[in-house]
Every structure is written in C-alpha cells, then in structure tokens.
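Have a look at the chain below with the viewer open. We'll go through it piece by piece, starting with a quick question.

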Amino acid sequence: MTPGFSAAAADALAKWLGQLRALDGAAEHTITAYQADVADFLTFLSAHRGEGLGLGGLATVSQSDMRAFLAAERGRGLGARSLARRLSAIKGFIRWLADREGFDATHVLAARAPKYARSLPRPLSEDGARDVIESVEAEAAEPWVAARDGAVLTLLYGSGLRVSEALGLTGADLPLPSALRIRGKGGRERMVPVLPAAQDAVAEYLRLCPYRMTPTEALFRGVRGGALNQRQVARVMERARMALGLPATATPHALRHSFATHLLAAGGDLRAIQELLGHASLATTQIYTAVDSARLMQIYSAAHPRA
C-alpha cells in the first residue's frame, strides 16, 4: 500500500509512466515530474475524502474535488505556470486510466488552471552574443579553459543547442560534422548545423585540453577532468554578464533564444526554426515572432520623428 492511496492506483500510475517512457519517449526528468504531480494529487484526494483512494475512487472524482485540489495548491503558493503543468500531468493520467477502465473523466478533464502571462524570451543582440563569447575566452585563467568556455557558448549560439545538449556531447561526436544529430527533449532527434566557427572553436579546445578524449566520455571537461556541468556554464556566463554590464536575463539559455530570434529577423522560416530548435509544437516557436515584433516596435519608437 502506498501512503494515501491504494496499491492498485500506484500500479496504474507506474504503468502509465512506463507507457510514456517506452512509447512516447518521454525524458526521465519529465517522468519524475509527472510521477510527483500525480502522486501528490492522489494523496490529496485520499486526505480530502478521508479514505484510501483506489481505482474506484478515481472514477468518481467530482468538480468539487478538483476545485478543492486547485485551491489547496494555490494556498501553498504554487504559481500559475507550475499549477498548469501539474494539472496537465494529472489530466494525462486520468484520461489514460478512463480509457482503460471505461469511466467518465469529464470533471477532471474540464478543470482549468489559472491563466498566466507567458514571458517573452530575452535574446542578446548580435553584438552582445559576440561580446559574451569573446569575454569568456578572455576571462579564464588557463588557456584550455578559455577555449572550452568559448567553444560551449559558440555551440549554444551557433547551433541553438540547449545547455544540456551541448554538455551531452561525447568523444564519439568528434570530429564535429557540419550537421550534428541531437537527441533532445522527449527523445526527439533533430539535425542542427555546426558552423565552421564552432568547429574551429571545438578543435582549438581539443588541442589545448589536457585530458584524453574517448568515445564514451564527455566532450567538455571540468578542471578536474570530470564532465562539465550546467552550473559551471552558468557561472561562466554570469562573470561575462557582469563584466559587460548585461542584464540578468543574459543566461546561457539566452544564447539559444538569440539563435532563434536572429534567424527569424534574417528571414528564416518559422517551421525550419522549429525543427532546428527541436520544439514539438509550432506554437512554442511562434513566441519568437512576438520577440521580433517587439524589437521592431522599439526601433520604430526610437527612430520615427512622430513616435
């Protein structure tokens, strides 16, 4: 018996997660988040009803139950974005279970999370992206570390990689080709371009790196030889940001935003940019059209004599 809900409910949750992992290719961190979201919901329902929750109880979840759950989540300070993500996981599980068990899940599926304003990405300017890369190459105490930091950031900006994707490269990916196969979120594969500047940056890093490169080990190494981690990249970017007087939004991920925004501004096709970024939905990529429009309005306001 899992605390708060029945072994049958726990087994159903495990089977749903197993399907997401095997058939849908969901990433492990997504599986972990969904497991916590649904388990917390089941535990809440058990406490709210004052009884251990089985599969039969899930078939009778009411509108009142859902309102109580959402109110409790807001009461403990959960933000609108996090609540929307949590509710999405719960709906996915209940929809799957309702199909298997043959019950009506309308009350759960009709529950609505509070609306939230989606913040726009904050890309760097073209000059800003170049200055950041040059700055990190000048800041490091050791030449090989400077070359490593420059190579990582060049890949983020030049190929639109997520930080985790760049740090997931290994010696097996060498020498870097002009197009690199990347496995991103949800196990989705895509091809991304590798600019000659990025190939040269990685080659220079490899020339200076004191550690032997093997097919199974991380391409980018920390000073002690282990795999470079995301926090270290964030610190590198933070130092560059402070040296250049850039805002706090100038993070490693902002280089990926810059990649997309600059491509769009240069006339890039939105569908092609979606593929390059590895977005599952075009709606996710479309946010960059709002960024570009906002930039154009800023230029208009600053330049038009009657603005």
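In which helix is Arg 130 found? The answer is helix H7. Keep in mind as you browse that this is a predicted model.

## Arg 130 and its surroundings

Arg 130 counts as partly exposed, because its relative accessibility is 41%, and the cut-offs put buried under 20% and exposed over 50%. From Arg 130 to Leu 153 the C-alpha distance is 9.7 Å, with their positions 23 residues apart in sequence. Leu 153 is a good place to go next, as it leads into the core.

## The overall layout

The chain has 15 helices and two strands. It runs to 307 residues, and 41% of them count as buried. If you take the contacts with a sequence separation of 6 or more, 60% of them involve residues 24 or more positions apart.

## Two nonpolar cores

The largest nonpolar core has 37 residues, and Leu 153, Leu 155, Leu 156, Tyr 205 and Phe 220 are the ones with the most contacts inside it. At least two residues of this core come from each of H7 (126–139), H8 (143–159), H9 (163–167), S1 (179–183), H10 (196–208) and H11 (230–244). H8 supplies the largest share, with eight residues.

Back to Leu 153: leaving out residues up to four places away in sequence, it touches Val 132, Ile 133, Val 136, Val 233, Met 237 and Leu 255. There is also a second, separate core, this one of 33 residues, and it includes Leu 20, Ala 26, Leu 83 and Leu 97.

## Where H2 meets H5

Two packed helices are described by the angle between their axes and the distance between the axes. For helix H2 (residues 28–49) and helix H5 (residues 80–101), the angle is about 80° and the axes are 9 Å apart. H2 is therefore roughly perpendicular to H5, since angles of 65 to 115 degrees count that way.

On the H2 side, the contact is made by Tyr 34, Ala 36, Asp 37, Val 38, Asp 40, Phe 41 and Leu 42. H5 brings Arg 85, Arg 86, Ala 89, Ile 90, Phe 93 and Ile 94. Sorted by type, the residues of this contact are nine nonpolar, four charged and no polar.

## Asp 37, buried or exposed?

Zoom in on Asp 37, which is found in helix H2. Is Asp 37 buried or exposed? Asp 37 counts as buried because its relative accessibility is 0%, and anything under 20% falls in that class. Its contacts, not counting residues up to four places away in sequence, are Arg 85, Arg 86, Ala 89 and Ile 90.

## Salt bridges

Side chains of opposite charge can pair when their charged atoms come close. How many salt bridges does the structure hold? There are 18 of them.

Arg 190 and Glu 165 form one, with their closest N and O atoms 2.7 Å apart. This pair links distant parts of the chain, as Arg 190 sits in strand S2 and Glu 165 in helix H9, 25 residues apart. Arg 190 is buried, with a relative accessible area of 5%, and Glu 165 is buried too, at 7%. Asp 37 comes back here: it is joined with Asp 40, Glu 73, Arg 76, Arg 85 and Arg 86 into one network by salt bridges that share partners.

Within that list, Arg 76 forms a salt bridge with Glu 73, and the closest N and O atoms are 3.0 Å apart. Glu 73 is buried, with a relative accessible area of 6%. Elsewhere, Asp 149 pairs with Arg 148 in a salt bridge, the closest N and O atoms being 2.9 Å apart. Both Asp 149 and Arg 148 are buried.

## Two spots in the loops

Most residues other than glycine have a negative phi, and most peptide bonds are trans. Now check the bond that joins Leu 174 and Pro 175: it is a cis peptide bond, with omega about -10°. Pro 175 lies in the loop between H9 and S1.

The other spot is Gly 187, in the loop between S1 and strand S2 (189–193). Gly 187 is partly exposed, with a relative accessible area of 27%. Its C-alpha atom is separated by 9.5 Å from that of Arg 21, although the two residues are 166 residues apart along the chain.

Technical notes
Residues numbered from 1 in each chain as written. Predicted model: local features only at pLDDT ≥ 70, side-chain atom pairs only at ≥ 80, totals over all residues. Heavy atoms only, no water. Core = buried A, V, L, I, M, F, W, Y, C linked by side-chain atoms within 4.5 Å. Buried < 20%, exposed > 50% of the residue type's maximum accessible area, 1.4 Å probe, protein only. Helix = DSSP H or I, 4+ residues; strand = E, 2+ residues; numbered from the N terminus. Contact = heavy atoms within 4.5 Å. Axes fitted to C-alpha atoms, helices over the stretch in contact; angles between N-to-C directions. Parallel < 35°, antiparallel > 145°, perpendicular 65-115°, else oblique. Nonpolar A, V, L, I, M, F, W, Y, C, P; charged D, E, K, R; others polar. Salt bridge = Lys/Arg side-chain N within 4 Å of Asp/Glu carboxyl O.
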